[in-house]
Each structure stands twice: as C-alpha cells, then as structure tokens.
Amino acid sequence: MLILNGPNLGRLGVREPEIYGADTHADLVAAVGEWGSGLGLEVDARQTDDEAQIVRWLHEAVDTRSHVVLNPAAFTHYSYALRDAAAQVTTSGLLLVEVHLSNPHTRESFRHYSVVSGVATGTIAGFGFVSYRLALAAIADRLQG
Ligand code: DQA
C-alpha cells in the first residue's frame, strides 16, 4: 500500500514544530514501516511538493490495486485534481484514508474544508504520527473483516 505525503511535509522537524512536532519525515517513514509490518501491510511511503506527482501516484494506486493513506497537506483545501484522482481510488474499490498530523478544524478557517474528505473512505486528524498508525490499523481491520 502507498502512503502519500504532500507539500511541505518533507520539512517535518524544521517546519512549525509546535504544530507538527520535532520528528522528521524520515522518522515518519521509519515509523509507518514498522507499524505496517506489525499489521502485515507492505508500506511504500513517499513525499512530494508537486501536485501532479501525487495525481500520478494515485493513478498508480488504482493500476496496482494499492490501498492509500494520503496526507494531501495544503492541497487538501483546494485541489480538485487531487480530489478527482482520490475518487478514482475509492470508486475502484480500494481504501483511501485521509490523514492529518494536526486537527485542521482547530486552526485557520481556510483549513476547515477538505475537498478530499468527500471521496475518502475515512479521515483521521489531530494525532501527529499516530494519525498514520490509526489509518494503517483501520486499513488492516477492513482487510480482515
Ligand atoms: C496538514 C494540515 C494542512 O492544513 C496543512 O496545509 C499541512 C499539513 C496536517 O497534516 O496537519 O501541510 O495536512
């Protein structure tokens, strides 16, 4: 399965640590790898600042039948291209869990709306790296059930 992280998440550890924490994207990749293998999931975690790249990765998820954990970062709030690509994942019968480190609903009003949520299987926000662990657990649970 794919874990896709959007713009500025490669700056974790440096970027607004009071909001996003002190750990780096490499730390996140290591954590999701461990959590994934504990749950029997093969995890491929990637990050890009490029909207088109995420769209291509979502197409790849459809073509390779991969479930997705997606943190669209700022694209969450305005990228219809990402929403349309995410919709292709879920309408093809795959799971797509939208995750956020912070809880966007407690922050600036432009963060309160997600264009992705309406096509996601579900959304988990506000738990830092643990948001990803919960997303992986939700996917593992669905796959077992
Ligand atoms: C974020 C929340 C978004 O509003 C923000 O633009 C991000 C990160 C989060 O993980 O909390 O870049 O997706």
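R111 touches H77 and P104, leaving aside residues up to four places away in sequence, where touching means that the C-beta atoms, placed from the backbone, lie within 7 Å. This is a predicted model, in which local features need pLDDT of at least 70 and side-chain atom pairs count only at pLDDT 80 or more, while totals for chains, interfaces and linings use all residues. Residues are numbered from 1 along each chain as its sequence is written.

Both R111 and H77 appear in the UniProt "binding site" listing, an unreviewed entry that gives N71, H77, D84, L101, S102 and R111. These residues span 41 residues in sequence, and the farthest two C-alpha atoms are 23.8 Å apart, so they do not all gather at one spot. UniProt positions follow the numbering used here, feature names are shortened, and annotations may be inferred rather than shown by experiment.

R111 is placed in the loop between β4 and β5, and S102 is found in the loop between β4 (96-100) and β5 (122-125); strands (E, at least two residues) and helices (H or I, at least four) are DSSP runs, numbered from the N terminus. S102 touches I19, Y20, R107 and G126, again not counting residues up to four places away in sequence. The table gives the exposure of these two residues, for which buried means 20 or more other C-beta atoms within 10 Å of a residue's own, exposed means 12 or fewer, and partly exposed lies in between.

| Residue | Exposure | Other C-beta atoms within 10 Å |
|---|---|---|
| S102 | partly exposed | 17 atoms |
| R111 | partly exposed | 17 atoms |

The strands β4 and β5 belong to an open sheet of 5 strands in the order β2-β1-β3-β4-β5, with parallel pairing, two strands being paired if DSSP finds at least two bridges between them. β2 (44-47) and β5 stand at the edges, each with a single partner strand, so one side of each is left without a neighbour in the sheet. The twist averages 20° from one strand to the next. Within the sheet, 4 bridges join β1 (residues 2-5) to the parallel strand β3 (residues 68-71), and L2 stands opposite V68 in β3.

Helix α3 (residues 51-64) lies across β1, β2 and β3 and runs at about 165° to β1, where axes are lines fitted to C-alpha atoms, for helices over the stretch in contact, and angles run from 0 to 180 degrees between N-to-C directions. The axes of helix α2 (residues 25-38) and helix α5 (residues 130-144) come within 10 Å and cross at roughly 25°. That makes α2 roughly parallel to α5, a term for angles under 35 degrees. In their contact, L28, V32, W35 and G36 of α2 meet Y132, R133 and L136 of α5.

Conventions: Contact = placed C-beta atoms within 7 Å. Parallel < 35°, antiparallel > 145°, perpendicular 65-115°, else oblique.
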